[in-house]
Amino acid sequence: YRGYQNVGDTKILRPGRPKKSDSPYQRRIARERFRRRAGIEPIIGHLKQDHRLSRNYLKGVLGDAINLFMAAAAFNFRKWIRKFEHFFALFTLWLFFGTTTRQPSMMIL
């Protein structure tokens, strides 16, 4: 099912073979738009599946906005944690085990 071509005043574009009358510039711009959209769709899928964006229990338009921002914040926080996980591991090791000061043992020659 391809859906609607127009919704209100908005024209919905789908990837496909460009018209012969399109200039190379128009073809390049259309390709960039579709690639950008193709890059966003998996992120929306991950937000729905992993970060509880699929079901909204909050009421009204404000509840929709809060639910969206919370899911996006959780997604970004998880990405940030993955990026700095080694730093966090070293920090926790230092926090728990690095506070004791030990003197180096004397070596007898």
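This text walks through the predicted model, from its overall layout to its helices and the contacts they make.

The chain contains three helices and two strands. Read from the N terminus, these elements come in the order β-β-α-α-α, so that order places both strands ahead of the helices under a numbering that starts at the N terminus. Of the 109 residues in the chain, 7% are buried. The exposed surface of the chain amounts to about 10,900 Å², and carbon and sulfur atoms supply 61% of that area. Contacts between residues at least 6 apart in sequence can be sorted by separation: 22% of them join residues at least 24 apart.

Between strand S2 (10-11) and helix H1 there is a loop, and Gly16 is placed in it. Gly16 counts as exposed, at 59% relative accessibility, since the cut-off for exposed is over 50%. The C-alpha atom of Gly16 is 9.9 Å from that of Phe34, a residue 18 places away in sequence.

Helix H1 covers residues 24-50, which makes 27 residues. From its first C-alpha to its last, H1 reaches 40 Å, close to the 39 Å expected at 1.5 Å a residue. The salt bridge of the structure, of which there is one, joins Glu32 and Arg28, with the closest N and O atoms 3.3 Å apart. Side chains of opposite charge can pair when their charged atoms come close. In this case both residues belong to helix H1, and because they are four residues apart there, about one helical turn separates them. Neither partner is classed as buried: Glu32 is partly exposed, with a relative accessible area of 35%, and Arg28 is partly exposed as well, at 42%.

After H1 comes Arg52, which has a positive phi, near 60°. The loop between H1 and H2 also holds Arg55. Arg55 is exposed, its relative accessible area being 53%.

Helix H2 takes up residues 60-83. Its 24 residues should span 34 Å at 1.5 Å a residue, and the end C-alpha atoms are 35 Å apart, so the two values agree. Four residues of H2 are buried, namely Gly63, Asn67, Ala71 and Phe75. H1 is included in what covers these buried residues.

Asn67 can be followed further. This residue of helix H2 counts as buried because its relative accessibility is 14%, and the cut-off for buried is under 20%. Leaving aside residues up to four places away in sequence, Asn67 touches Arg52, Leu53, Arg55, Asn56 and Leu58. Two residues already described are among them: Arg52, with its positive phi, and Arg55, from the loop between H1 and H2. Arg55 and Asn67 are 12 residues apart along the chain, and their C-alpha atoms are separated by 9.0 Å. The contact therefore pairs a residue that is exposed, Arg55 at 53%, with one that is buried, Asn67 at 14%.

The next topic is the aromatic residues. The structure holds six aromatic pairs. One of them is formed by Phe77 and Trp80, whose ring centres are 6.2 Å apart and whose planes meet at 25°, so this pair is stacked; the cut-off for stacked is under 30 degrees. Phe77 and Trp80 are three residues apart in helix H2, which puts about one helical turn between them. Trp80 is partly exposed, with a relative accessible area of 42%. Both residues belong to one aromatic cluster, made up of Phe77, Trp80, Phe84, Phe87, Phe88, Phe91 and Trp94.

Several of these aromatic residues also appear in a nonpolar patch on the surface, including Phe77, Trp80, Phe84, Phe87, Phe91 and Trp94. The patch further takes in Ile81, Leu90, Leu93, Leu95, Phe96 and Phe97, and its residues together have about 1,300 Å² of accessible area. H2 and helix H3 (85-97) each supply at least two residues of the patch, and H3 gives the most, with eight residues. Phe91 is one of the patch members and lies in helix H3. With 39% relative accessibility, Phe91 counts as partly exposed, and residues join a patch because they have over 30% relative accessible area, among other conditions.

Technical notes:
Residues numbered from 1 in each chain as written. Predicted model: local features only at pLDDT ≥ 70, side-chain atom pairs only at ≥ 80, totals over all residues. Heavy atoms only, no water. Buried < 20%, exposed > 50% of the residue type's maximum accessible area, 1.4 Å probe, protein only. Contact = heavy atoms within 4.5 Å. Areas by Shrake-Rupley, 256 points an atom, 1.4 Å probe, with all protein chains shown as cover. Expected span 1.5 Å × (residues − 1). Phe/Tyr/Trp six-rings, centres within 6.5 Å; stacked < 30°, edge-to-face > 60°. Salt bridge = Lys/Arg side-chain N within 4 Å of Asp/Glu carboxyl O. Patch = residues over 30% accessible without salt bridge, like charges linked within 9 Å, V, L, I, M, F, W, Y side chains within 5 Å.
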